[in-house]
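Reader: I have a structure open and would like to go through the reasoning behind some of its labels. Could you take me through them?

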Amino acid sequence: MISDLIVIMCASLLSSAIAEGISWLLIYRTDSYKNLKSLIDKNTQKLEKLKERSTQSKSTSKKIEQLDEITKGLNRDMSMTKFKSLFAVSITMISFFGLLSSWFDGLVVARLPFEPISFIRNLSHRNLVGNDFYDCSMLFFYILCGIGLKSNLQKLFGNQPPKGSGSFFTPPDSK
């Protein structure tokens with residue numbers, strides 16, 4: 001069982017590294033990405049400085065709104081730039097998943113120390129026979145490894161998104 005986990009972790013690491021390599025080749029090394037990243041960083045710093053001021057006049061509020069709109073536009077442009085590599089990265093991840101799925105179909109690769117809640121149970125017990133929901137399938141472990149490894153690989157390779165770019169986990173600004 002441990003050898004299965006190691007194979008899945010290595011496959012997840014390899015697929016994430018290949019995906020980051022493709023992203024670097026198609027996105028991160030381009031001048032347009034570098035320019036967008038520097039503009040987003042500059043605008044974010046300006047926004048933070050303006051918001052830190054204790055006295056905000058109407059002109060300061062207008063500047064904040066204008067910079068915020070410019071930054072949102074730059075973030076949209078950044079998303080479109082990153083969209084180029086999405087197809088290639090998707091093909092890589094799907095092919096690795098298909099390969100692993102054929103090897104580990106119906107096999108229990110780990111035993112969970114808890115019973116997952118219902119909507120996660122479908123992932124953790126996918127293609128496994130029986131009703132023991134403590135058993136873990138390859139899909140669940142592969143997803144967990146991918147989530148944990150992707151951000152660490154981005155940090156390692158220096159391909160982190162700019163500080164001001166929004167993400168799913170970034171809370172919106174309150175007004």
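Author: Gladly; the questions below deal with helix packing, burial and cysteines in this predicted model.

Reader: Let's start with two helices, α1 and α4. What makes α1 roughly antiparallel to α4?

Author: Helix α1 covers residues 2–28 and helix α4 residues 86–104, and they pack at an angle of about 165 degrees, with axes 9 Å apart. Angles over 145 degrees count as roughly antiparallel, so α1 earns that description relative to α4. As for handedness, the crossing of α1 and α4 is right-handed.

Reader: Which residues of α1 and α4 meet there?

Author: From α1, the participants include V7, I8, A11, L14, I18 and L26. They and others meet a set in α4 that includes V89, M93, F96, L100 and W103. Sorted by class, this contact of α1 with α4 has 15 nonpolar, 4 polar and 1 charged residues.

Reader: Which residues of α1 are buried, and what covers them?

Author: Among the buried residues of α1 are L5, S12, E20, I27 and Y28. I8, A11 and I22 are buried as well, and these three also take part in the contact with α4. The cover over the buried residues of α1 includes α4, along with α2 (31–52), α3 (58–83), β1 (110–111) and α6 (138–157).

Reader: Helix α6 contains F140. Why is F140 called buried?

Author: The relative accessible area of F140 is 10%. Buried means under 20%, so F140 qualifies.

Reader: What is F140 in contact with, beyond its neighbours within four places in sequence?

Author: F140 is in contact with L112, I120, L123 and S124. Take I120: F140 and I120 are 20 residues apart along the chain, and their C-alpha atoms are separated by 8.7 Å.

Reader: Now the cysteines. How many disulfides are there, and how do you know that C10 is in none?

Author: The count is 0 disulfides. For C10, the nearest cysteine sulfur is that of C145, 9.4 Å away. A disulfide needs two cysteine sulfur atoms within 2.5 Å, and C10 does not meet that condition.

Reader: Why is C136 unbonded too?

Author: The closest cysteine sulfur to that of C136 is in C145, at 9.4 Å, which is too far for a bond.

Reader: Are C10 and C136 buried, exposed or partly exposed?

Author: C136 has 1% relative accessibility, so with the limit at 20% C136 counts as buried. C10, at 46%, falls between 20% and 50% and is therefore partly exposed.

Technical notes. Residues numbered from 1 in each chain as written. Predicted model: local features only at pLDDT ≥ 70, side-chain atom pairs only at ≥ 80, totals over all residues. Heavy atoms only, no water. Axes fitted to C-alpha atoms, helices over the stretch in contact; angles between N-to-C directions. Helix = DSSP H or I, 4+ residues; strand = E, 2+ residues; numbered from the N terminus. Parallel < 35°, antiparallel > 145°, perpendicular 65-115°, else oblique. Left-handed = near helix turned anticlockwise from the far one by under 90°. Contact = heavy atoms within 4.5 Å. Nonpolar A, V, L, I, M, F, W, Y, C, P; charged D, E, K, R; others polar. Buried < 20%, exposed > 50% of the residue type's maximum accessible area, 1.4 Å probe, protein only.
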